[in-house]
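Here is a protein model to read closely. Each question asks how a label is earned, and each answer checks a value against a rule.

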Amino acid sequence: MQFEVWAPQAERVTLECDGTARALERDPERAGWWSGEAGAADGSRYGFSVDDGPVRPDPRSRRQPDGPDGLSAVVDQGLHEWRAPWSGRPLQGAVLYELHVGTYTPEGTLDAAAERLGHLAELGVTHVELMPLCPFPGRHGWGYEGVSLWAVHEPYGGPPALKRFVDRAHELGLGVVLDVVHNHLGPSGNYLPVFGPYFTDTHHTPWGSAVNLDAPGSDEVRAYLLGSALAWLRDYRLDGLRLDAVHTLADDRAYPFLEELSESVDALAAEVERPLFLVAESDLNDPRVITSRAQGGLGLHAQWSDDFHHALHAALTGESQGYYGDFARAPLAALAKTLTGGFFHDGTYSSFRGRHHGRPLDRARVSAHRLLGYSQTHDQIGNRAQGDRLSAILSPGLLACAATVTLTGPFTPMLFMGEEWAAGTPWQFFTDHTDPQLADSVRRGRRREFAAHGWAEEDVPDPQDPATRDRSCLDWSEPDSEPHARVLDWYRRLIALRHSRPDLTDPDLSDIKVGHDEAARWLAFRRGDICVAVNHAKDPVEIPLGTRRAEILAAWEPVDPPGADGVLRLPGECCVVLSQP
């Protein structure tokens, strides 16, 4: 078997495979690369020693059976026999579901999660978006401190379990999207600097030295990241990738890494003859991120819309701290602007940032489905001091309102696991660092962060306490009891409407019409023949919808269609979807 590794500054590189060491030779055709042959098969353990140093895992390791610090293992990708024929599912018309493998079930494995995929098929979602799967220290964590960007966290089940999960999802008609992290690697188990200039001090990020996308040696670093991304899509038959915090990628080259990645993924999609897509997490409010390459953009297929979330959250909760401040001044107006223009901050002043932010979205060039809309995500729940969901602070009626705006609005909807039944479990920040010093630093940093906002230290969960993770696991007995069952039924009805009514997937942002009353706390919008109205107030409201005949398609509480006067009388904390051709 051929082994190879990039180590451009090394004088010697030694391969250790199944207990036998042999020197590698410089590759005469590729600068900085070393290669050699060794007998190996699936499961063979191996690593590389640079200049007689300790044996370290392969930067392109496909499996880390003993965790990030252990030897790599050979993976024969041909051993898995795919059961489900799969032609893919495109992003347009999708409903995504963000899922954390370690807390979706108490077992916290891919196999256990696969057994629960039938619930998602019945719910009506189209794609499962898995939070990061790369190996990280310990057993449980969010996954954003991963290393070994080509491998699957072993406690989740490793590479074979991911293939079984994808196979089961595809059997049920569900696409699978994976959250990948290119902007940093975890602080523990990251041996890339041993091999080459994977990081650079040319730029600095919140995590320290930047991933090297534009300094000397960056051609190979880009190839490393591109190869990892394409391997997930090709070898595991994934349908898309979510790119974490692309605004923190430091890249001054004329050909941006993100553009190169989108071009590579589009080429792979043509090769495998199924749709593949990239979804960015971007804080830039820059339309170029999701504008096609032919039109001068980076060509990513979609991005998360935090503006939509912040406006909706402020309207529902009245919260105004931090970044909610800009939205809380007139939350329904902020929501209306976001629903019709895509971005709230489109060049406006952001008090949270202390500067103007964003740029207008060209609604004629950018389809509405290229923005993802959501009322809850892992970030927006887990980065609260106690990881409290909306279900902990809102009535079922207001939860129904949140779901209605999200699932009938113009953007591609995304749910966070458990929200569909108003889960009573929190989703808290948890870690399992094996380095005691790092563990204590994370614990103290978390408590110090929230102490600045008035939280007592004892009220902030200890990330390292196993009970913090355990509290965050979904309780699968809840969906059968009230009020959870009623909320779940509402989500199913709304998703079914979205799939059956073409107006609800119309990509034209300029066609949506919105009205609202800030004081009375109602908002209504029209998409083609569909009209949606939500009342956030406790008291009934009267909403003028016009005199066209209307049919109630779904209502949280019993509601009559507008009468001859064209006025909809909507109970407090209630929502309705009507057909008004």
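Q: Why is glycine 454 called exposed or buried, whichever label applies?
A: Glycine 454 has a relative accessible area of 65%. Buried means under 20% relative accessible area, exposed over 50%, and partly exposed in between, with a 1.4 Å probe and protein chains only. So glycine 454 is exposed. Glycine 454 sits in the loop between helix H13 (436-451) and helix H14 (466-471). Helices (H or I, at least four residues) and strands (E, at least two) are DSSP runs, numbered from the N terminus.

Q: What should you know about the model before going on?
A: This is a predicted model, in which local features need pLDDT of at least 70 and side-chain atom pairs count only at pLDDT 80 or more, while totals for chains, interfaces and linings use all residues. Residues are numbered from 1 along each chain as its sequence is written, and side-chain values use heavy atoms, leaving out hydrogens and water.

Q: Which label does alanine 254 get, buried or exposed?
A: The relative accessible area of alanine 254 is 83%, so alanine 254 is exposed. Alanine 254 lies in the loop between strand E14 (240-243) and helix H7 (257-272).

Q: What makes the phi of glutamate 273 worth noting?
A: Glutamate 273 has a positive phi of about 60° although it is not a glycine. Most residues other than glycine have a negative phi. Glutamate 273 is in the loop between H7 and strand E15 (277-280). With a relative accessible area of 69%, glutamate 273 is therefore exposed.

Q: Which label does alanine 422 get, buried or exposed?
A: Its relative accessibility is 9%, so alanine 422 counts as buried. Alanine 422 also has a positive phi, near 55°, in a residue other than glycine. Its place is the loop between E20 and H13.

Q: How do you know whether the bond from glutamate 482 to proline 483 is cis or trans?
A: Look at omega: it is near 5°, and this peptide bond is cis. Most peptide bonds are trans. Proline 483 lies in the loop between H14 and H15.

Q: How do you know that the length of helix H15 agrees with the expected span?
A: The expected span of a helix is 1.5 Å times one less than its number of residues. H15 (residues 484-500) has 17 residues, so it should span 24 Å, and its end C-alpha atoms are 24 Å apart. The two agree.

Q: What covers the buried residues of H15?
A: The buried residues of H15 include Trp490, Tyr491 and Leu494. Among the elements covering the buried residues are helix H3 (117-123), helix H12 (396-408) and strand E20 (412-416).

Q: What makes helix H4 mostly covered?
A: Ten of the 14 residues of H4 are buried. Leu162, Phe165 and Val166 are among them. Their cover includes helix H2 (110-114), strand E10 (127-130) and strand E11 (175-180). H4 (residues 158-171) reaches 20 Å from its first C-alpha to its last, close to the 20 Å expected. Glycine 173 follows H4, with a positive phi near 85°.

Q: Which residues touch the most other members of the largest nonpolar core?
A: A nonpolar core is a set of buried Ala, Val, Leu, Ile, Met, Phe, Trp, Tyr and Cys residues joined through side-chain atoms within 4.5 Å. The largest core has 159 residues, and Leu120, Leu130, Trp232 and Leu241 touch the most other members. Helix H6 (residues 218-235) gives the most to this core, with nine residues. In soluble globular proteins, nonpolar side chains tend to be buried together.

Q: With which residues is leucine 130 in contact?
A: Contact means heavy atoms within 4.5 Å. Leaving aside neighbours within four places in sequence, the contacts of leucine 130 include Leu99, Val101, Leu162 and Phe165.

Q: What makes a space in this model count as a cavity?
A: On a 1 Å grid over the protein atoms alone, a cavity is a set of points where a 1.4 Å probe fits but cannot get out. Grid points are joined across faces, edges and corners, and a volume is the space filled by probe spheres set on the points. By this rule there are nine cavities of 30 Å³ or more. The largest cavity holds about 90 Å³. Lining residues have an atom within 4 Å of a point, and those of the largest cavity include Pro57, Asp58 and Tyr224.

Methods:
1 Å grid on protein atoms, 1.4 Å probe; cavity = no way out; pocket = protein on both sides within 12 Å on 5 of 7 lines; lining within 4 Å.
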